[in-house]
Amino acid sequence: MRKVLIPTKLDKFAATMLSDRGYNVVLDGATPLADLVKANSDAEVLIVRSEKITPEIIDLLPQLKLIVRAGAGFNTIDIKYARKHDIDVMNTPGANSNAVAEEVVAMMLAASRHLIPADISTRKGDWEKSKFMGRELTGKTVGILGLGHIGQLLVKRLAGFEMKVLGYDPMLSPALADKLGVELTTVDRIFAESDFVSLHIPENDETRGMVNRRLFEMMKPGAMLINCARAGILNEEDLRAVKAEKKIVFCNDVYAKDAAGEKSVADIADIMLPHLGANTHEANFVAAKRAAEQTIAYFEQGITNCVVNKALPDGLDGKYQKLAYVLASLTNAYLGKDNNPNRIETSFYGELAKYAKWMTPPIAAGIAAEFAADQGPADAEHFLAETGIELVNREVDNTKHYGEAMSIDLFVGGNLIYKAGARGTITENNLMISRLNDFDQLYLEPSGHHLFVEYKDEPGVIGRIAGILGEKNINIIDIRAPQDLKSGLSLTVVKTNVEVPDMLIQKIREAVKASKAFQFTYLP
Ligand SMILES: NC(=O)c1ccc[n+]([C@@H]2O[C@H](COP(=O)([O-])OP(=O)(O)OC[C@H]3O[C@@H](n4cnc5c(N)ncnc54)[C@H](O)[C@@H]3O)[C@@H](O)[C@H]2O)c1
Ligand SMILES: O=C(O)[C@H](O)COP(=O)(O)O
């Protein structure tokens, strides 16, 4: 009988459902986690909420196969360490999102109408009506960073207030944004134009500290900032530095540690709650039910679609997987949408060679939008085989001294082979593309919008490209122009402040007789 340990205050429904199915369940939300784990070292499943699951805790459970986070955020679980020990980690996406969306609306209203201080004052016997002059939500602008389960529901819950909704989420399609009534825009514009900014992104290596002074300084005076996501995404010191001057109203639900005691944000938070976002009977029940259902489906049907650490080998910097994605997607764009690759050849130099299989998911995602990069290597290999794409990992020559670099080449066709390829590495902690096709020494940082123009080398071409962009007020941030001496071709890569419209690309193509002209925008 598999043992399931639930060392948290989770609705009893999970324990009942699993016991009925024949699992041996220990549910105890009172005993300290370490004690409980030591007393149940034969557990194969751990179902948790925000408890910190460290390598020490994992080491105490030698038979552990699955950790289920009954909730959304899994930043409290060492998912890489779990992967190293072949332990899958899953969350229960969307199970508590309505509770959080409603909490955000409650905070917006409570802070706008001073409900908490007004209650305290009136209870005391004071009558401070003019002190508590409020503001209305209706007709104002709300900016939402992260439009996943919670962000999208928040848009729906706010519909009655007829607000203008600005949003930023690289994974939200323009079509869905349109349907929701969200104007997709930049993070900067969200902070500059919103009366209310609500954060709904996960905490990870990319988002930690991203909400910082630069953004706070852009905020409108008196605007409200709501953090019901994670403490780590916001730089508290930066907020402290500008809060008074900008009169930012700050509502907060999340802390570095979920525990009693003084809170460092106490001096800057206008409302602070003890991580109440998911704390409703309804959300607790749904999260419990989903955790139990997913556990049963995992062991009895092999269903792993909610596993969040499939593509995470211990010891590999995740930036290399992002690089693999960037190289594959850029190379695929170089081929053009009418040329689908049927063979991928890869070279992994230096230490990267031992992580080759872990690059397959981001490569597959880079060439096929329908494949999600967080799937595991086996899923990716299966997907490529099903799609008819051969994957070849080449022997590499490490005497080239490329360091930790990778090349990805895509091939189209049978007899008449058409190919595109790129090589890249990480330098000074940034992604860098060093070769595109046979254009060497490119040294391009893949971020923002790039226009690629390939043409037979002749003087004056870069000037003509710059002139056409300038006529339309498109600003050039950077230009690279390597040559391929063998073919006599040149490549001009222009980084622009905005996307270059198709019509302008066509004009450039004709003006410089380009063999190739396309624009590419990298995901952040
Ligand atoms: N206060 C609470 O009790 C509570 C409850 C649930 C979730 N949360 C937190 O809220 C977060 C979001 O929850 P969710 O259920 O909506 O998760 P989700 O995974 O459905 O949505 C997160 C969204 O953020 C987007 N995103 C990731 N990085 C981004 C970036 N740099 N910029 C913009 N968008 C980015 C993703 O594309 C995704 O759409 C969780 O990770 C968790 O930390 C807090
Ligand atoms: O990420 C989540 O799901 C929330 O932060 C809820 O956390 P909790 O289950 O500890 O309340």
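**Group meeting talk: a helix, a sheet and some ring pairs**

Let me begin with helix α13, where 13 of the 18 residues are buried, so this helix is largely enclosed by the rest of the structure. Please keep in mind throughout that what we are looking at is a predicted model. From the first C-alpha of α13 to the last, the helix reaches 26 Å, close to the 26 Å expected at 1.5 Å a residue. After the helix comes glycine 336, which has a positive phi, near 95°.

What does α13 pack on? To answer that I need to introduce the sheet, which is open and has five strands in the order β14-β13-β15-β16-β17, with mixed pairing. The edges are taken by β14, residues 390–393, and β17, residues 430–436, and each of these has a single partner strand, so one side of each is left without a neighbour in the sheet. On average, and with direction ignored, neighbouring strands here are turned by 20° against each other. If we look at the pairing of β16, residues 418–427, with β17, we find that the two run antiparallel and are joined by six bridges, and that threonine 427 stands opposite asparagine 430 in β17. Helix α13, residues 318–335, packs on this sheet by touching β15, β16 and β17, and the direction of the helix makes about 155° with that of β16.

I would now like to turn to the aromatic residues, since a search of the whole structure finds eight aromatic pairs. One of them brings us back to our helix: tyrosine 334 and phenylalanine 518 form an edge-to-face pair, with 5.3 Å from centre to centre and 75° between the planes. Because tyrosine 334 lies in α13 and phenylalanine 518 in strand β22, residues 516–521, this pair ties together parts that are 184 residues apart in sequence. Are these two residues buried or exposed? Both tyrosine 334 and phenylalanine 518 are buried.

Next come phenylalanine 371 and phenylalanine 383, whose ring centres are 5.0 Å apart and whose planes stand at 40°, so this pair is tilted. Phenylalanine 371 lies in the loop between α14 and α15, while phenylalanine 383 lies in helix α15 itself, so the parts tied together here are twelve residues apart in sequence. Both phenylalanine 371 and phenylalanine 383 are buried. Elsewhere, ring pairs link Tyr23, Tyr298 and Phe299 into a cluster.

Rings also meet charged groups: the charged end of arginine 343 sits over the ring of phenylalanine 411, 4.2 Å from its centre, and lysine 263 lies over the face of tyrosine 255, at 5.8 Å from the ring centre.

Staying with helix α15 for a moment, we also find leucine 384 there, and this residue has 2% relative accessibility and therefore counts as buried. Leaving aside residues up to four places away in sequence, leucine 384 touches Ile344, Thr360, Ala364, Ile367, Ile389 and Leu391. Its C-alpha atom is separated by 9.9 Å from that of isoleucine 363, which is 21 residues apart from leucine 384 along the chain.

Finally, a word on helix α7, residues 149–157, in which Ile150, Gly151, Leu153, Leu154 and Val155 are buried. Which elements do these buried residues pack against? The partners are the helices α5 and α8 together with the strands β6, β7, β8 and β9.

Definitions and conventions
Residues are numbered from 1 along each chain as its sequence is written. Chains are lettered from A and ligands numbered from 1 in the order in which they are written. This is a predicted model: local features need pLDDT of at least 70, side-chain atom pairs count only at pLDDT 80 or more; totals for chains, interfaces and linings use all residues. Side-chain values use heavy atoms; hydrogens and water are left out. Two strands pair if DSSP finds at least two bridges between them. Helices (H or I, at least four residues) and strands (E, at least two) are DSSP runs, numbered from the N terminus. Axes are lines fitted to C-alpha atoms, for helices over the stretch in contact, and angles run from 0 to 180 degrees between N-to-C directions. Contact means heavy atoms within 4.5 Å. The expected span of a helix is 1.5 Å times one less than its number of residues. Buried means under 20% relative accessible area, exposed over 50%, partly exposed in between (1.4 Å probe, protein chains only). Rings of Phe, Tyr and Trp (its six-membered ring) pair if their centres lie within 6.5 Å; planes under 30 degrees apart count as stacked, over 60 as edge-to-face and the rest as tilted. A charge sits over a ring if NZ of Lys or CZ of Arg is within 6 Å of the ring centre and within 35 degrees of the ring normal.
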